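Me: I should like to go through this structure and ask, for each description, what justifies the wording. Please set the values against the cut-offs.

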Amino acid sequence: REYLLSGQSGGNKSNSFPTGDGFPWPNIVDRLVAAGATAADYATDLPPIALWGSRMGQYIRGIDRYYEDAAGGTLPNVSFVDPAFVGEERSDDHPHGDPRAAQRFVRDVFAAFTRSPQWHNGLFVLTYDEWGGFFDHKRPPHLPDDRASDVDSEDFSQAGFRVPTLFASPRALPGAVALPGVALPRGAGPRLGGDRLVVGDP
């Protein structure tokens, strides 16, 4: 989640929750809002932007609000929509969850957006935070990073494996290929008037 929302992990190498009032470094929501864009995280249960503490509270909305805003054409410029991560009704596509529930969640969220008045000028991005296996024939590149190191276990310049990502829009080019993951915060900020998130940004 840290890489998706901020293009870095702040040097963290575990999934530990932040101490104090969340992660201190800026994320994509900070940058978008500073540039005059609007943003929200529509969460089913656990909103990932809450990892950045209380300053993100005003951007967190419940999942029911997503369907209302989509129907009313009032979605923010950038909207994150998160599945259920815990409980029997989880829909996050992780092991032990029901993949049927996960795909039903994707279907419902996408269908609501395609029926929204904002669909004709919008872009729907479906991305995963894992690659689903242990092999990729494409070797991950090294990118410019303040925490680059010759010691492999300390080298934050090493990009991760590619992850499945789909782009859907009336304006999307058929068959086009893009780089997801860190490319999402790198691409959205500058296109909406913001600046770069991390050292390696193009």
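Me: In what sense do strand β1 and β3 pair, and over how many bridges?

Reply: The model is a predicted one. In it, β1 (residues 39-43) and β3 pair in the parallel sense over five bridges. Two strands count as paired if there are at least two bridges between them, so the five bridges between β1 and β3 satisfy the criterion. One of the bridge partnerships joins Ala40 to Ser79 of β3.

Me: What makes one face of strand β3 covered and the other uncovered?

Reply: Within β3 (residues 78-82), Val78, Phe80 and Asp82 form the covered face, whereas Ser79 and Val81 form the uncovered one. The side chains of a regular strand alternate between the two faces of the sheet.

Me: How do you know that the span of helix α4 is close to the expected one?

Reply: Helix α4 (residues 99-114) has 16 residues, and 22 Å separate its first C-alpha from its last. The expected span is 1.5 Å times one less than the number of residues, and for α4 this is given as 22 Å, so the helix reaches close to its expected span.

Me: Which residues of α4 are buried, and what covers them?

Reply: The buried residues of α4 are Ala101, Ala102, Phe105, Val106, Val109, Ala111, Ala112 and Phe113. Their cover includes α3 (63-72), β3 and β4 (124-127).

Me: Why is the pair Asp30 and Arg55 called a salt bridge?

Reply: The closest N and O atoms of Asp30 and Arg55 are 2.8 Å apart. The cut-off is 4 Å between a side-chain nitrogen of Lys or Arg and a carboxyl oxygen of Asp or Glu, so this pair qualifies as a salt bridge. The pair links distant parts of the chain, with Asp30 in helix α2 (residues 28-34) and Arg55 in the loop between β1 and β2 (60-62), 25 residues apart. Arg55 is called partly exposed because its relative accessible area is 30%, and the class lies between 20% and 50%.

Me: What makes Arg61, Arg65 and Asp69 a network?

Reply: Asp69 takes part in two of the links: a salt bridge with Arg61, with the closest N and O atoms 3.1 Å apart, and a salt bridge with Arg65, where the closest N and O atoms are also 3.1 Å apart. Arg61, Arg65 and Asp69 are therefore linked in a network of salt bridges. Asp69 and Arg65 are four residues apart in helix α3, which means that about one helical turn separates them.

Me: How are Asp69, Arg61 and Arg65 classed by accessibility, and why?

Reply: Asp69 is buried because its relative accessible area is 5%, and buried means under 20%. Arg61, at 22% relative accessibility, is partly exposed, as is Arg65 at 37%.

Me: How do you know that Glu2 has no salt bridge?

Reply: Glu2, which lies in helix α1 (residues 2-6), is buried, and the nearest side chain of opposite charge, Arg1, is 7.9 Å away. The cut-off for a salt bridge is 4 Å, so Glu2 and Arg1 do not form one. Leaving aside neighbours within four places in sequence, the contacts of Glu2 include Phe23, Trp25 and Trp52.

Me: How many salt bridges are found in the whole structure, and what share of the residues is buried?

Reply: The search of the whole structure finds seven salt bridges. Of the 202 residues in the protein chain, 38% are buried.

How values were computed
Residues are numbered from 1 along each chain as its sequence is written. This is a predicted model: local features need pLDDT of at least 70, side-chain atom pairs count only at pLDDT 80 or more; totals for chains, interfaces and linings use all residues. Side-chain values use heavy atoms; hydrogens and water are left out. Buried means under 20% relative accessible area, exposed over 50%, partly exposed in between (1.4 Å probe, protein chains only). Helices (H or I, at least four residues) and strands (E, at least two) are DSSP runs, numbered from the N terminus. Contact means heavy atoms within 4.5 Å. Lys and Arg count as positive and Asp and Glu as negative; His and the chain ends are not counted.
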